[in-house]
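Subject: Structure for you to look at, with notes on charged pairs

Dear colleague,

I am handing over the structure we spoke about, and I would be glad if you could open it alongside these notes.

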Amino acid sequence: MSANNPIPNIKLNNGVELPILGFGMAFVSTVFSDDELPRVIGEALEEGYRFFDCAPAYGNQAKVAKILKNSGVPREELFITTKIPAAGHGYENTLNAYETVTEEMGLDYLDLYMIHHPLLDYESFCASWKALEKLNKEGRVRSIGMASFLEVHLEHIFRMCEIPPQVDLLECNPFLTIESCRAYCASKGVHVVSWFAQGGPLVPLKPYPLKEYPLLMENECVVSIAKAHGRTPAQIPLRWALQKGMTPLVRSSKREHMRENREIFDFVLSDVEMSRLDALNYDRRFGLDPMKHTANHP
């Protein structure tokens, strides 16, 4: 990383460095069009973002990878992730999925490769994990992990793994604090990357009517804490995530918001403020429930 990059790194349990703030590529169609991708990613790079979270389900990973490849930023400065789709679960399927995704993205290696969802198929995701370990040992994947795995899923991995997970990507914010899962991850040395870190998209996806979908950044507690620090409400849940030891993912088409989102390293929330934000939890899950979702997830 550049010495003057405003976004610092942390070390994962295998020594690989991960930027402490990432740029998510999920649901970008709710924020900007594919035609805007070159500008958005270019501006994100200029603002210091190096961690880009992709997946086949997002429908844009090949475009994102091409833009990053042509950006002029050295590959070793970038942290590019993607995920195994449901069709890729299982040992051989995972190895084949890796070949497909790296060819599609034009990459020689991945910085982080994750199982996208447990799908309550314990045998298959454990077989996928053995394939991830093989890819990691061969140097084709620098780090391995999963997305949306709760304690019960992680326990199965830890019973059989040779290489422990480095990352679990989880929906988490003050409305969904998942304290027990985060505590479990911390006890095992698994770093949590939080998606919907600011409470979810401003434009709710079906079947979430706006009137039934209060926005975290309009919550009175969040607004009052922001005013106390001379900050914006958008910065408060991101700072909360950092102080909880997580790497939050952000997403924006506007450069001023990209800058705002990464200007969270020069203030600290008090213990009282953190407790007030913790108290907002009401287990409001926006994404797929890892304990219920079994349908094919692309």
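The notes below deal with the salt bridges and then with one aromatic residue.

Please bear in mind throughout that this is a predicted model, and that the distances and accessibilities quoted here are computed from it.

Salt bridges

The count of salt bridges in the model comes to 20. One of them joins the side chains of D34 and K63, with 2.9 Å from N to O. D34 sits in the loop between strand 3 (22-24) and helix 1 (37-46), whereas K63 belongs to helix 2 (residues 61-69), so this pair ties together parts of the chain that are 29 residues apart in sequence. Both partners have some access to the surface: D34 counts as partly exposed because its relative accessibility is 36%, and K63 is likewise partly exposed, with a relative accessible area of 42%.

A second pair is formed by E77 and R50, whose closest N and O atoms are 3.5 Å apart. This salt bridge also links distant parts of the chain, since E77 is found in the loop between helix 2 and strand 5 (79-84) and R50 in the loop between helix 1 and strand 4 (51-53), 27 residues apart. R50 has a relative accessibility of 10% and therefore counts as buried, the cut-off for that term being under 20%.

The third pair I would point out is E263 with R262, where the closest N and O atoms are 4.0 Å apart. Here the two partners fall into separate classes of accessibility, as E263 is partly exposed with a relative accessible area of 34%, while R262, at 16%, counts as buried. This pair does not stand alone, for E263 and R262 belong to a network of salt bridges that also links E46, E47, R255 and R259.

F265 and its contacts

Which part of the chain holds F265? F265 lies in the loop between helix 9 (255-262) and helix 10 (271-278), and its side of the picture is again one of partial exposure, with a relative accessible area of 30%. Leaving aside residues up to four places away in sequence, F265 touches P6, I7, P8, I20, L21, R239 and L242. Among these contacts is P8, which is 257 residues from F265 in sequence, although the two C-alpha atoms are 9.0 Å apart in space.

With best wishes

Key: Residues are numbered from 1 along each chain as its sequence is written. This is a predicted model: local features need pLDDT of at least 70, side-chain atom pairs count only at pLDDT 80 or more; totals for chains, interfaces and linings use all residues. Side-chain values use heavy atoms; hydrogens and water are left out. Helices (H or I, at least four residues) and strands (E, at least two) are DSSP runs, numbered from the N terminus. Buried means under 20% relative accessible area, exposed over 50%, partly exposed in between (1.4 Å probe, protein chains only). Contact means heavy atoms within 4.5 Å.
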